[in-house]
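User: I am new to this structure and would like a close look at one part of it. Could you walk me through the aromatic rings and the helices and strands that carry them?

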Amino acid sequence: MIAMDLEGAREMPDDGRPMKISRLCGALGAEVRGVDLARLDEAASAAIRDAFHEHLVLVFPDQDLAAGAQVAFTELFGAVEPHPLRTRRTVDGFPAVLIIENRKGRPGARNDYWHSDISHAERPPAVTVLHAIKVTEGRGDTMFCNMYRAYDALSEDQREALRGRRALHSGMATYTRSLEHNDARAIDRAEVKPPRAHPVVCTHPVTHRPMLFVNPHFTTRMEDMTEDESRPLLDSLYAAATRPENVYRHRWRVGDVVMWDNRCAMHYAVMDYTEDMARQLHRTTAAGAAPR
Ligand code: SIN
């Protein structure tokens, strides 16, 4: 049976809890209610997939998602894989479920910089899923920005100047962070691969829309320029991407599941909490393709 959701103006499967999809802001993000991510049928999975490609970030409040169910949900979007640098603790029995954690005596590793997860990989993850296990109310929000709109905001001249060009992405930032934070395993420098070049403007493999694919954390420079020469150009792209009207800021509640498209959204974990403020999120990623 199909129920009509008036606010989202979409037809949704009716399993007694009609799915309701509400936009969260003008730039990106939608909240999805009336769905249990541990028990999805075909129609609900398809509706979530469509909403994901439209909104880039989906928020599912009040989910009771065990680690295995989180893996199964993430697998709807691609193969679930462990972090290549294995810097963090994982849930027992689930090596692909990372624990992002801040607690007394173990301050969490910072993620307060705009980035796309593991963009230095040959095939960066397509999708990241976070499930909030512990939060301190009003602290440790996560921000997201829309990299389609960042591209759309460029002038014709700027787009022309970026055509065919590539930027280098390096895992060195993760290496450095692993030395600074005790919730992360210190990585051997030899594990960090040489920087990898990806196109600055990529085409999303599903929506076929152009988007910017650079980020201030992992992108070190334009392939054909020095770091100093690259800085003004890259900074102007980051400024376009992170202007306030292009950002959704998520305030965490226990049980929230938030998923985002790592190809066309950057994220930033706000560091406004101290060591005594609990924050624990379970993180999974689904594999993506090489950016093109
Ligand atoms: C991340 O940057 O992958 C984690 C984001 C967060 O901790 O909110």
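Analyst: Here is a guided look at the aromatic rings, beginning with a cluster and the helices around it.

Please keep in mind that this is a predicted model. There are 6 aromatic pairs by the count used here. A good place to start is the pair formed by Phe-60 and Phe-73, which is edge-to-face, with 5.9 Å from centre to centre and 80° between the planes. This pair joins distant parts of the chain, since Phe-60 belongs to strand β5 (residues 57–60) and Phe-73 to helix α2 (residues 67–74), 13 residues apart. How accessible are the two partners? Phe-60 has 0% relative accessibility, so it counts as buried. Phe-73, at 2% relative accessibility, counts as buried as well.

These two rings belong to a wider group: ring pairs link Phe-52, Phe-60, Phe-73 and Phe-77 into a cluster. A charge joins the picture here, as the charged end of Arg-49 sits over the ring of Phe-77, 6.0 Å from its centre.

Let us look at the helices that supply some of these residues. In α2, Phe-73 is buried together with Ala-67, Gln-70, Val-71 and Thr-74. Their directions cover an arc of only 165° around the axis, and therefore they lie on the same side of α2.

Phe-52 leads us to helix α1, where the buried residues are Ala-44, Ser-45, Ala-47, Ile-48, Ala-51, Phe-52 and His-55. Because these residues cover an arc of only 160° around the axis, they too are found on the same side of α1. A general rule helps in reading such a pattern: an α-helix has 3.6 residues a turn, so residues three or four places apart point the same way. Helix α1 covers residues 42–55, which makes 14 residues, and it reaches 20 Å from its first C-alpha to its last, close to the 20 Å expected at 1.5 Å a residue. Just after α1, Leu-56 takes a positive phi of about 75°.

Now for another aromatic pair. Trp-114 and Tyr-268 form a tilted pair, 5.5 Å centre to centre with 55° between the planes. The partners come from distant parts of the chain, 154 residues apart: Trp-114 is in the loop between β7 (94–102) and β8 (127–134), while Tyr-268 is in strand β17. Is each partner buried or partly exposed? Trp-114 counts as buried because its relative accessibility is 11%, whereas Tyr-268, at 22%, counts as partly exposed.

Strand β17 brings us to helix α6, whose buried residues pack against β17 (265–269) and also against β9 (142–146), α3 (147–152), α4 (156–162), β13 (210–212) and β14 (219–222). Those buried residues are Ser-230, Leu-234, Leu-237, Tyr-238, Ala-240 and Ala-241. Helix α6 (residues 227–241) has 15 residues, which should span 21 Å at 1.5 Å a residue, and its end C-alpha atoms are 20 Å apart, so the two values agree. There is a bend of about 30° in α6 at Leu-233.

One further ring deserves a mention: the charged end of Arg-209 sits over the ring of Tyr-148, 4.1 Å from its centre.

To finish, here is a residue with a different kind of ring. His-198 is found in strand β11 (residues 196–199), and its 3% relative accessibility means that it counts as buried. Leaving aside neighbours within four places in sequence, His-198 is in contact with several residues, including Glu-122, Arg-166, His-169, Phe-213 and Pro-291.

Terms used: Residues are numbered from 1 along each chain as its sequence is written. This is a predicted model: local features need pLDDT of at least 70, side-chain atom pairs count only at pLDDT 80 or more; totals for chains, interfaces and linings use all residues. Side-chain values use heavy atoms; hydrogens and water are left out. Helices (H or I, at least four residues) and strands (E, at least two) are DSSP runs, numbered from the N terminus. The expected span of a helix is 1.5 Å times one less than its number of residues. Buried means under 20% relative accessible area, exposed over 50%, partly exposed in between (1.4 Å probe, protein chains only). The arc is that of the directions from the helix axis to the C-beta atoms. The bend at a residue is the angle between axes fitted to the seven residues ending there and the seven starting there. Contact means heavy atoms within 4.5 Å. Rings of Phe, Tyr and Trp (its six-membered ring) pair if their centres lie within 6.5 Å; planes under 30 degrees apart count as stacked, over 60 as edge-to-face and the rest as tilted. A charge sits over a ring if NZ of Lys or CZ of Arg is within 6 Å of the ring centre and within 35 degrees of the ring normal.
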